[in-house]
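Student: I'd like to learn how to read a model like this one, feature by feature. Can we go through it together?

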Amino acid sequence: MSDLALGANAVHLCIDMQRLFADGGPWPMLWMTRVLPNVVRLVERAPQRTIFTRFITPVRGDDMPGRWRAYYAKWSNATRGRLDSGLLELMPALARHAPPAAVFDKCVYSAFANGELHPFLRRKAVDTLIVSGSETDVCVLSSVLQAVDHGYRIVIARDGVCSSSDESHDAMLDLYKRRFAVQIEVAEVDQILDAWRPG
């Protein structure tokens, strides 16, 4: 993707890079440690044009609707009633950039689900989202598909996303390229940094 070009209306959307998904959390991802330096590089390019999301679990599973109750019956150790609250924080290498980076909390997979992120982006005339974070096949997937529905151009940082499942991670990156090629691009962090000069 040598012709990748990113304009002034691009922002970096970093999804759920939290201690919750690192070693010591209930949902550890071995790849998070590997991709974290690449995510930090993206953030450092323009912290003021970075948006972090955090996946915030309920106090009790019964606080959630429908099948989320069954989900938290399985993962009751991840509810805030039982979880070390520090695990909900961003990874320390990222947290030091907020502010100026913005932080949006969510209680479900999609970054757009609570209705706050899309109006925020519209007010800033954002048309392109550079996406990093976790997990490629869960929260990243849900957020990216909703961003497509809103009409955003998406550039996924191939070496800036991670999952607890290598197979699903690879399948999602292939899906993004094969089925959503007009709306979703996949590029290495180095390519993105070469193309993105936010000023």
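**Reading the model**

Tutor: Sure, and let's begin with pockets, keeping in mind that this is a predicted model. The largest pocket holds about 200 Å³ of space.

Student: How is empty space found in general, and which residues sit closest to the centre of the largest pocket here?

Tutor: The general idea is that a probe the size of a water molecule, rolled over the atoms, shows where empty space is left. Here 13 residues line the largest pocket, and the closest to its centre are Phe-21, Trp-27, Tyr-71, Glu-135 and Val-138. By type, the lining divides into ten nonpolar residues, two polar and one charged.

Student: Next, ring pairs. How many aromatic pairs does the structure hold, and what should I look at in one of them?

Tutor: Look at the distance between ring centres and the angle between planes; planes over 60 degrees apart count as edge-to-face. The structure holds eleven aromatic pairs. In one of them, the ring centres of Trp-27 and Trp-75 are 5.7 Å apart and the planes stand at 70°, so this pair is edge-to-face. It ties together distant parts of the chain: Trp-27 is in the loop between β1 and α1, while Trp-75 is in the loop between α2 and α3, 48 residues apart.

Student: Are those two tryptophans buried or partly exposed?

Tutor: For that, check the relative accessible area: under 20% is buried, and over 50% is exposed. Trp-27 comes out at 10%, so it is buried. Trp-75 has 25%, so it is partly exposed.

Tutor: Another pair to try is Phe-104 with Phe-120: centres 5.1 Å apart, planes at 70°, so again edge-to-face. Phe-104 belongs to strand β3 and Phe-120 to helix α4, 16 residues apart. Phe-104 is buried at 11% relative accessibility, and Phe-120 is buried at 17%.

Student: Which residues do ring pairs link into a cluster?

Tutor: Phe-21, Trp-27, Phe-55, Trp-68, Tyr-71, Tyr-72, Trp-75 and Tyr-109. Take Tyr-109, found in the loop between β3 and α4. It is partly exposed, with a relative accessible area of 27%. Leaving out residues up to four places away in sequence, Tyr-109 touches Phe-55, Trp-68, Tyr-71, Val-138, Cys-139, Ser-142 and Ser-143. Its C-alpha atom is 9.4 Å from that of Asp-16, although the two residues are 93 apart along the chain.

Student: What is the phi of Asp-16?

Tutor: About 55°, a positive phi although Asp-16 is not a glycine. Asp-16 is placed in the loop between β1 and α1, and it is buried, with a relative accessible area of 0%. Ala-125, in the loop between α4 and β4, also isn't a glycine and has a positive phi, about 60°. Ala-125 counts as partly exposed at 44%.

Student: And where are cis peptide bonds found?

Tutor: Omega is the angle to read. Ala-98 and Pro-99 are joined by a cis bond with omega about -5°, and Pro-99 lies in the loop between α3 and β3. A cis bond also joins Ser-134 and Glu-135, with omega about -15°; Glu-135 is in the loop between β4 and α5.

Student: Last one, helices. Where does α1 bend?

Tutor: To read a bend, follow the helix axis on either side of a residue. Helix α1, residues 30-45, bends by about 40° at Leu-36, with a proline, Pro-37, following within four residues. Leu-36 is also one of the buried residues of α1, which include Met-32, Val-35 and Asn-38. The buried residues of α1 pack against β1, β2, α3, β4, β5 and α7.

Methods. Residues are numbered from 1 along each chain as its sequence is written. This is a predicted model: local features need pLDDT of at least 70, side-chain atom pairs count only at pLDDT 80 or more; totals for chains, interfaces and linings use all residues. Side-chain values use heavy atoms; hydrogens and water are left out. The bend at a residue is the angle between axes fitted to the seven residues ending there and the seven starting there. Helices (H or I, at least four residues) and strands (E, at least two) are DSSP runs, numbered from the N terminus. Buried means under 20% relative accessible area, exposed over 50%, partly exposed in between (1.4 Å probe, protein chains only). Contact means heavy atoms within 4.5 Å. On a 1 Å grid over the protein atoms alone, a cavity is a set of points where a 1.4 Å probe fits but cannot get out, and a pocket is an open set with protein on both sides within 12 Å along at least five of seven lines; lining residues have an atom within 4 Å of a point. Grid points are joined across faces, edges and corners, and a volume is the space filled by probe spheres set on the points. Ala, Val, Leu, Ile, Met, Phe, Trp, Tyr, Cys and Pro count as nonpolar, Asp, Glu, Lys and Arg as charged, and the others, Gly among them, as polar. Rings of Phe, Tyr and Trp (its six-membered ring) pair if their centres lie within 6.5 Å; planes under 30 degrees apart count as stacked, over 60 as edge-to-face and the rest as tilted.
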